[in-house]
Amino acid sequence: MTTTLIVLAHPERRSFTGAWAEATARACAEAGDEVIWSDLGQIGFDPAERADHYRGISPTDRFDPLKVQEDAAENCALPDDVSEEIRKIRAADRVIFHFPIWWFAPPAVLKGWFDRVLAHGALHSVDERFDTGMCRGKSALFCVTTGSKATESAFNGKEGDIRLLLWPAAYTLRYLGFSVYVPEVIHGVHGYHTGAELAEMEQRLKAALDGQSKLVAGLKTREQMRFNSNTDFDAEGRLRPDRPSHSPFIRHGE
Ligand SMILES: Cc1cc2nc3c(=O)[nH]c(=O)nc-3n(C[C@H](O)[C@H](O)[C@H](O)COP(=O)(O)O)c2cc1C
């Protein structure tokens with residue numbers, strides 16, 4: 001049986017993003033998956049990594065987050081909320097993230113979930129990352145809404161190429177060893193449409209919710225984002241001239 005973790009990074013469950021996440025949960029359940037939720041708004045997830053999450057750290061100690069995470073992971077002393085999220089990730093075969101684009105990036109609560117939950121020593125180590133990541137065999141999908149139109153989020157759009165805006169989050173998961181599907185993005189989602197535009201948006205959003213079972217069923221064959229393998233880089237971490245560039249983030253030449 002497949003276990004799917006749904007991570008919802010939106011403060012309002014009754015938003016379209018929330019409804020879309022619920023459609024994913026229904027689709028996964030219909031397919032016989034076990035579904036686990038992390039509704040970050042509902043659990044009040046605190047996204048700010050800092051010393052006072054950890055027991056035994058004195059306020060006068062210099063806080064070194066990576067070392068503190070590693071030490072806590074080794075000693076089963078990670079914060080309870082972080083341990084619970086790590087337990088869910090370990091249990092999951094795939095993670096489906098639902099979030100809107102806020103200021104050209106995922107909402108801060110999701111970045112903070114990455115900062116705190118993807119703890120050094122627990123979900124990655126120096127020897128276990130990228131090709132040898134601890135989450136090898138797991139997959140991830142981003143289901144994303146934008147307020148901007150599809151044309152504005154395209155490679156030449158004034159809101160910036162959505163594939164690039166999502167690349168750092170995708171690479172975070174790749175760092176852990178996840179396979180990452182090409183994101184599913186619904187554009188032009190906002191509360192300012194009126195008249196025919198509103199009717200058109202409502203129709204589109206309803207169709208997306210109705211089509212989520214098909215999307216989930218199609219994950220087995222969905223295209224995955226391509227990333228360089230460890231051997232594509234030289235000893236200094238530079239992309240070898242004869243290896244492909246899969247993204248402007250890692251490319252040949254300035
Ligand atoms: C703080 C904030 C920042 C936003 N920044 C962007 C942005 O950079 N690009 C964009 O296309 N839409 C942006 N939006 C619009 C949201 O993406 C849009 O409202 C959301 O996707 C709608 O989904 P929802 O109804 O589930 O909230 C922003 C909205 C908020 C609240």
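**Entry 1: Asp52.** Before looking at single residues I fixed one term: a residue is exposed if 12 or fewer other C-beta atoms lie within 10 Å of its own, and buried if there are 20 or more. I also noted that this is a predicted model. I began with Asp52, which I found in the loop between strand E2 (34-39) and helix H2 (65-74). Because 10 other C-beta atoms lie within 10 Å of Asp52, I entered this residue as exposed. I then looked up its distance to Pro79, and found that the two residues are 27 apart in sequence while their C-alpha atoms are 9.7 Å apart in space.

**Entry 2: the core.** I turned next to the nonpolar interior, where the largest core has 53 residues. The members with the most contacts inside this core are Val7, Ala9, Val95, Phe97, Ala140 and Leu166. When I asked which element supplies the largest share of the core, I found that helix H1, residues 16-30, contributes seven residues. As background I noted that nonpolar side chains tend to be buried together in soluble globular proteins. I followed Leu166 further and, leaving out residues up to four places away in sequence, found that Leu166 touches Phe142, Val144 and Pro183.

**Entry 3: H1 and H7.** Having met H1 in the core, I looked at how it packs with helix H7, which covers residues 195-210, and read an angle of about 25° with the axes 9 Å apart. Angles under 35 degrees count as roughly parallel, and H1 and H7 are therefore roughly parallel to each other. On the H1 side the contact is made by Phe16, Ala19, Trp20 and Ala23, and on the H7 side by Leu205, Ala208 and Leu209. I sorted the residues of this contact by class and counted seven nonpolar, no polar and no charged.

**Entry 4: H3 and H4.** I then took a second pair, helix H3 (residues 80-91) and helix H4 (residues 108-117), whose axes come within 10 Å and cross at roughly 90°. That angle makes H3 roughly perpendicular to H4. Val82, Glu85 and Ile86 of H3 make the contact with Trp113, Arg116 and Val117 of H4. By class I wrote down four nonpolar, no polar and two charged residues for this contact of H3 with H4.

**Entry 5: Asp115.** Staying with helix H4, I looked up Asp115, which lies in that helix. Asp115 counts as partly exposed because it has 16 C-beta neighbours inside 10 Å. I found that Asp115 and Glu49 are 66 residues apart in sequence, yet 6.7 Å apart in space from C-alpha to C-alpha. Not counting residues up to four places away in sequence, Asp115 touches Pro47 and Glu49.

**Entry 6: the loop before H4.** I went back along the chain to the loop between strand E3 (94-100) and H4, where Trp103 has its place. Trp103 is not a glycine, although it has a positive phi of about 50°. With 8 C-beta neighbours inside 10 Å, I counted Trp103 as exposed. Phe104 is found in the loop between E3 and H4, and Phe104, although not a glycine, has a positive phi of about 65°. With 12 C-beta neighbours inside 10 Å, Phe104 counts as exposed. Ala105 is also found in the loop between E3 and H4, but here I wrote partly exposed, because 14 other C-beta atoms lie within 10 Å. I checked the C-alpha atoms of Ala105 and Ala119, which are 14 residues apart along the chain, and found them separated by 21 Å.

**Entry 7: Val185.** I next looked up Val185, which is found in strand E6, residues 184-186. With 18 C-beta neighbours inside 10 Å, Val185 counts as partly exposed. Leaving aside its neighbours within four places in sequence, I found Val185 in contact with Val144, Thr146 and Ile162. Val144 had already come up in my notes as one of the residues that Leu166 touches. The C-alpha atoms of Val185 and Phe99 are separated by 9.9 Å, although these residues are 86 apart along the chain.

**Entry 8: the ligand.** Last, I asked which residues come nearest to the ligand, and of the 16 residues around it I listed Thr17, Pro100, Thr145, Gly147 and Ser148. I then sorted the shell around the ligand by class, and its residues divide into seven nonpolar, eight polar and one charged.

Definitions and conventions:
Residues numbered from 1 in each chain as written. Predicted model: local features only at pLDDT ≥ 70, side-chain atom pairs only at ≥ 80, totals over all residues. Core = buried A, V, L, I, M, F, W, Y, C linked by C-beta atoms within 7 Å. Helix = DSSP H or I, 4+ residues; strand = E, 2+ residues; numbered from the N terminus. Contact = placed C-beta atoms within 7 Å. Axes fitted to C-alpha atoms, helices over the stretch in contact; angles between N-to-C directions. Parallel < 35°, antiparallel > 145°, perpendicular 65-115°, else oblique. Nonpolar A, V, L, I, M, F, W, Y, C, P; charged D, E, K, R; others polar. Near = placed C-beta within 6 Å.
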